[in-house]
Amino acid sequence: MKGFSNSKAPYFFIAPTLILLTVFSLLPIFIALIISFTDMDLAGLADYSNINFIGFKNYISVLQDPIFIKSITNTLFYVIIGVPCVVILSLGIALLINYGASRVFKVFRVIYYLPSVTNVVAVAVVWSYLYNPAFGLFNYVLESAGFDKVPWLTDPLIAKISLILLALWRAVGLNMIIFIAALQGIPKTYYEAAQLDGASTWKQMIHITVPMLRFAIFFVSITTMIGWLQFFEEPFVMTQGGPLDGTTSVALFIYNNGFKLSNFGYAAAGSFILFVAIILITLIQFRFQNKDTDM
C-alpha cells in the first residue's frame, strides 16, 4: 500500500481530468482531423459507406475559397484592432480603480465587470437595436447633436468596427480584474523606495508598475488574441456575416459550411487551418516573451 500511495496515487487523482480531456477534447480533435480528409456530408453522416477519402482536396479548396480569404482578412482586422484596444483599455481602467482612494471605485469595479458575465446572445440582440439605422439610440443621439446617421451594421467597414465596440465592452471587465489582481501583488516597498528617491507617480508607473505587470500583460494578450481569432457570437447574432461577407470571421465561415451547408469535411479542414494558425501565433508570442525575459 505504501508503494501504491507513493507511485500510483497522483495518477489516480488526475485520472478523471485526463479521461474528460481525452473524451471531450483530444478525441474530437482527432476525429475532426480524419473528417477533414473526407467528403463527409449529411449522406455520409447517415451512411458511412457514402464517405470517401479525398486527401488534401478540402484544404486546397478552402485556401482557394474567396469567402475564406475574406474571412481571414476580417479576422485579422478584428485581432489587430481589438486586441490592443482590450489590453490598453482594461489596463487603464485597472490602474484608475486600483489607485482610486474613494469607495466609488469599488462600485466601478462591479460596473465594469458586469458585461463579462452577461449572456452574449442577449447582449448582441440589445446592441442590434441600439445600432438600428432608423430607430437606434446611437443614431438618435447623433442626430440630436447635429450629426448624420451612421450605417452601423450596413457598411462593411463600419460594421466590423461596430462589432469590435461590442466585444470590447464585454471583454474589458474580466481582463480588468486580472490586471487589478496583478497590481495588488506588486510589493509596496518598491513604491516606497521610489518615493524616497523623489520619483514622480508617472515615473513609478513607467519603471515599476508596467515592468512588474509584463506577465499579466502577456497572459491577457495571449488569451485575448485567441478569443478574437475565434470571434463568432457577435457577427453570428448581429450581422450573420454581412453585409457582403464584410463581417464574416473564420469561425463563422466554419459554422456556415458545417451546420448550414452540411459540408462537414470542408468545415473541418477550415477549422484545422484556424487551429494551426492559433498555435503558431501563440508559439511566436511565447518566443518573444522568453526573449524579453532573458534580456
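Start by selecting Q204 and showing everything that touches it. Leaving out residues up to four places away in sequence, you should find Y191, A194, Q195, A199 and T209 in contact with Q204. Keep in mind as you click around that this is a predicted model. Where does Q204 sit? Its place is in helix α11, which covers residues 201-212. Is Q204 buried or exposed? Its relative accessibility is 9%, so Q204 counts as buried. Now show the side chain of Q204 together with the backbone of A199: the side chain reaches the backbone oxygen of A199 at 3.1 Å.

**Next stop: a salt bridge**

How many salt bridges does the structure hold? There is 1. To see this salt bridge, select E234 and R170 and look at their closest N and O atoms, which are 3.8 Å apart. Colour the two helices involved: E234 lies in helix α13 (residues 233-238) and R170 in helix α9 (residues 156-184), so this pair ties together parts that are 64 residues apart in sequence. While E234 is still selected, check its surroundings too. With a relative accessibility of 4%, E234 counts as buried.

**Two helices side by side**

Leave α9 coloured and add helix α12, residues 214-229. Two packed helices are described by the angle between their axes and the distance between the axes. For α9 and α12, the angle is about 155 degrees and the axes are 11 Å apart. Why call the two roughly antiparallel? Angles over 145 degrees count as roughly antiparallel, so the angle of about 155 degrees puts α9 and α12 in that group. Turn the view and you can follow how α9 passes α12 in a right-handed crossing.

Now bring up the side chains where these helices meet. On the α9 side, select I164, A167, L168, N175, I178, F179 and A182. On the α12 side, the contact is made by A216, I217, F219, V220, T224 and W228.

**Over to α15**

Select I281 next, in helix α15, which runs over residues 264-294. Which residues does I281 contact, leaving aside its neighbours within four places in sequence? They are M225 and L229. Try a distance as well: the C-alpha atoms of I281 and I226 are separated by 9.0 Å, and these two residues are 55 residues apart along the chain. I281 has a relative accessibility of 31%, so I281 counts as partly exposed.

**Last stop: some backbone oddities**

Most residues other than glycine have a negative phi, and most peptide bonds are trans. The remaining selections go against that pattern. Begin with G242 and P243, which are joined by a cis peptide bond with omega at about -5 degrees. P243 lies in the loop between α13 and α14, the latter being residues 250-260.

Stay in the loop between α13 and α14 and select D245. D245 is not a glycine, yet its phi is positive, at about 60 degrees. D245 has a relative accessible area of 31%, so D245 is partly exposed.

Finally, move to the loop between α14 and α15 and select S262. Here again is a positive phi of about 60 degrees in a residue that is not a glycine. Is S262 buried or exposed? With a relative accessible area of 12%, S262 is buried.

Notes:
Residues are numbered from 1 along each chain as its sequence is written. This is a predicted model: local features need pLDDT of at least 70, side-chain atom pairs count only at pLDDT 80 or more; totals for chains, interfaces and linings use all residues. Side-chain values use heavy atoms; hydrogens and water are left out. Helices (H or I, at least four residues) and strands (E, at least two) are DSSP runs, numbered from the N terminus. Buried means under 20% relative accessible area, exposed over 50%, partly exposed in between (1.4 Å probe, protein chains only). A polar contact is a pair of N or O atoms within 3.5 Å; within protein, one must be able to donate a hydrogen and the other to accept it, and residues adjacent in sequence count only if both atoms are side-chain atoms. Contact means heavy atoms within 4.5 Å. A salt bridge is a side-chain nitrogen of Lys or Arg within 4 Å of a carboxyl oxygen of Asp or Glu. Axes are lines fitted to C-alpha atoms, for helices over the stretch in contact, and angles run from 0 to 180 degrees between N-to-C directions. Angles under 35 degrees count as roughly parallel, over 145 as roughly antiparallel, 65 to 115 as roughly perpendicular and the rest as oblique. A crossing is left-handed if the near helix is turned anticlockwise from the far one by less than a right angle, and right-handed if clockwise.
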